Amino acid sequence: MALKIGELLLRAKLIDEEKLQSALDEQAQLGGRLGEHLIRLGYVTEEDILDCLSQQYGVPSINLRHFDIDESIVRLIPADVARKYQFVPVSKTGATLTVAMSDPTNVFAMDDITFITGYRVEPVVASEEALREALDKYYGTTHAIELKKVMDDLSTVEEVGILDVIEEEEEVDVADLEAGADEAPVVRLVNLILSDAIKRGASDIHVEPYERSYRVRFRIDGILYEIMNPPLKLKEAITSRIKILSKLDIAEKRLPQDGRIKLKMKLAGKLKELDFRVSTIPTLHGEKVVLRLLDKENLQLDMTRLGFEKPSLKKFEDAILQPYGMVLVTGPTGSGKTNTLYSALSRINTAEVNIMTAEDPVEFQLPGVNQVQMKESIGLNFAAALRSFLRQDPNIVLVGEIRDFETAEIAIKAALTGHLVLSTLHTNDAPSTINRLMNMGIEPFLVATSVNLICAQRLVRRICAKCKEPEDVPLQALLNVGFPEAEAPNIQLQRGRGCEVCNNTGYKGRVGLFEVMEVTEDVRELILSGATAVELRRKALEEGMISLRYSGLQKIREGVTTIEEVVRETVL
């Protein structure tokens, strides 16, 4: 097939021998289809290949990416048959079914389709890559098919050893729960959920019971997607299986529990160590389980690649290289604060300094850093850990989060007595962090003298690099989002068309937006005079602070993200 395409393109004079050989050499090195390499090298377009195939086979061509196929048409052909012959049903007119194929001469495929559906088959030619995308889009990925098989197994499982909803006053039979959790289909299902989350690049798994339904959702690049709906009767067994893996008490169903799962899993022929943080909480219709995926390979410790603008990065690096003082990273849950702090620690982690961290929980283990896991049940909280740290001769102290007056007070005293203190807070932006500390009860003069820098951050989705293309947006939309009137007409926006790499979302991965506020002498004077967050923001912007919105506009200019993402996470 590949050679035929090469010969066809040569005959059509769309490529020459040199270009064909170049593509063949690349194919020999990287594998894959010749057509894909010719397109990637820019020698031909997908339309060129389709036109040649159409002429060769004498049938019309179709670009499946421009088509939305009706679900009733898709259901006419079973997924295994469609994948076996690599075709997709496109439309139906009377007794004729139009089918997109890469090889319309495959009479066996057409005979099978006629036999299965009873319709006369009319073939049209489509590119192999577009067919693969369409098969994944309409019939699910191969991994989704594997999940479906397990689901089919689960639907036939007898309810032996699996409990119905247990009333509060009933005794919980742990043996029954364990038996249900060890059922082969349940074990396979939980393993598939965990491995599928890794393959899709999810950050969290939500397993949620409701009165008449049970669903599993993955958070991918900050957005939740519903993945599957296991049978409701298996909610006890699935929850118990996850609890057993995370060494939690399967008999305790009335209180929240926290645990951890460490697994070794073979993915794409590579042995991968996975760490899941597990949290269970009782809801109205059973226990909800959330698993946070802690993948060491996704931890980005290079500060230059987090998304900082150059002036902001210089300010942040200068602050963490100071011998004492406090550096605060703020933002909502899931905004990448931990990653930023770990990046800062790896930047300043040398044999000459003693680094102590108090974390709840310790998400990743950093070599050369003394990390302490908080245990509230025995009185080891942030405040207690901080007090002990100061007797351990530290140079740098990281406090996972400043939640109360006691922790804030000890952290500030540490910053004022020759230690560099790094921590996080939940605030909307950098200037309002000052007011948050004062609302906790910290005196303005202590805040003014201890805090060196505050970094507020958000995460936005990156446009998928594989399917990125220019997008035309009305001028008014650019002005509304904050671009200057003089600059707006010259900005070329980008968007993701949607492909198999990004699960047809147009986005793949995330990048940070950063607002870095340096506490200068002028800002200190404002803090001491009891200035509001608005006044502090005005002064910081005068001194060159890049706001979260401006950081977002810069990412739009660079073609990294879209207007929708920036508007979703920032305000003017």
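**Strand pairing, helix packing and salt bridges in a predicted model**

Val-207 stands opposite Val-289 in strand β9. This pair belongs to a predicted model, in which strand β4 (residues 202-209) and strand β9 (residues 286-294) run antiparallel and are joined by four bridges. Strand β9 is also joined to strand β8 (residues 270-283), again in the antiparallel sense, by nine bridges. Within this second pairing, Ser-279 is placed opposite Val-290 of β9. The connection from β8 to β9 is a hairpin of two residues. In a regular strand, side chains alternate between the two faces of the sheet.

An open sheet of three strands was found with the order β1-β2-β3 and mixed pairing. Strands β1 (87-93) and β3 (120-125) stand at the edges; each has a single partner strand, so one side of each is left without a neighbour in the sheet. From one strand to the next, the twist averages 30°. Strand β2 (residues 96-101) pairs with β3 in the parallel sense over six bridges, and Ala-100 has Val-124 in β3 as its bridge partner. Helix α8 (residues 128-139) packs on this sheet, where it touches β1 and β2. The direction of α8 makes about 75° with that of β1.

Helix α20 (residues 521-528) has buried residues at Val-523, Arg-524 and Ile-527. Seen down the axis of α20, these buried residues fall within an arc of 105°, so they line one face of the helix. Glu-521, Glu-525 and Leu-528 are exposed on the other side of α20. The cover over the buried residues of α20 includes the helices α17 (431-439), α18 (444-450) and α21 (533-542), together with the strands β15 (451-463) and β18 (507-518). After α20 comes Gly-530, which has a positive phi, near 75°.

A further buried position is Ile-348, in helix α14 (residues 337-348). The relative accessibility of Ile-348 is 8%, and it therefore counts as buried, the cut-off being under 20%. Leaving aside neighbours within four places in sequence, Ile-348 is in contact with Ile-320, Leu-321, Val-353, Ile-355, Ile-396, Leu-420 and Leu-422. Between the C-alpha atoms of Ile-348 and Phe-316, which are 32 residues apart along the chain, the separation is 12 Å.

The structure holds 30 salt bridges. One of them joins Arg-403 to Asp-360, with the closest N and O atoms 3.7 Å apart. This pair links distant parts of the chain, 43 residues apart: Arg-403 is in the loop between β13 (396-399) and α16 (405-416), and Asp-360 is in the loop between β11 (355-359) and β12 (370-373). Arg-403 is partly exposed, with a relative accessible area of 41%, and Asp-360 is partly exposed at 36% relative accessibility.

In the salt bridge between Arg-461 and Glu-565, the closest N and O atoms are 3.1 Å apart. Arg-461 lies in strand β15 and Glu-565 in helix α23 (residues 563-569), so this pair ties together parts that are 104 residues apart in sequence. Both Arg-461 and Glu-565 are buried.

Glu-469 forms a salt bridge with Arg-495, and here the closest N and O atoms are 2.5 Å apart. Since Glu-469 lies in strand β16 (residues 468-471) and Arg-495 in strand β17 (residues 493-496), the pair ties together parts that are 26 residues apart in sequence. Arg-495 has a relative accessible area of 30% and is partly exposed. Glu-208, Arg-215, Arg-217, Glu-226 and Lys-288 are joined into one network by salt bridges that share partners.

Definitions and conventions: Residues are numbered from 1 along each chain as its sequence is written. This is a predicted model: local features need pLDDT of at least 70, side-chain atom pairs count only at pLDDT 80 or more; totals for chains, interfaces and linings use all residues. Side-chain values use heavy atoms; hydrogens and water are left out. Buried means under 20% relative accessible area, exposed over 50%, partly exposed in between (1.4 Å probe, protein chains only). The arc is that of the directions from the helix axis to the C-beta atoms. Contact means heavy atoms within 4.5 Å. Two strands pair if DSSP finds at least two bridges between them. Axes are lines fitted to C-alpha atoms, for helices over the stretch in contact, and angles run from 0 to 180 degrees between N-to-C directions. A salt bridge is a side-chain nitrogen of Lys or Arg within 4 Å of a carboxyl oxygen of Asp or Glu.
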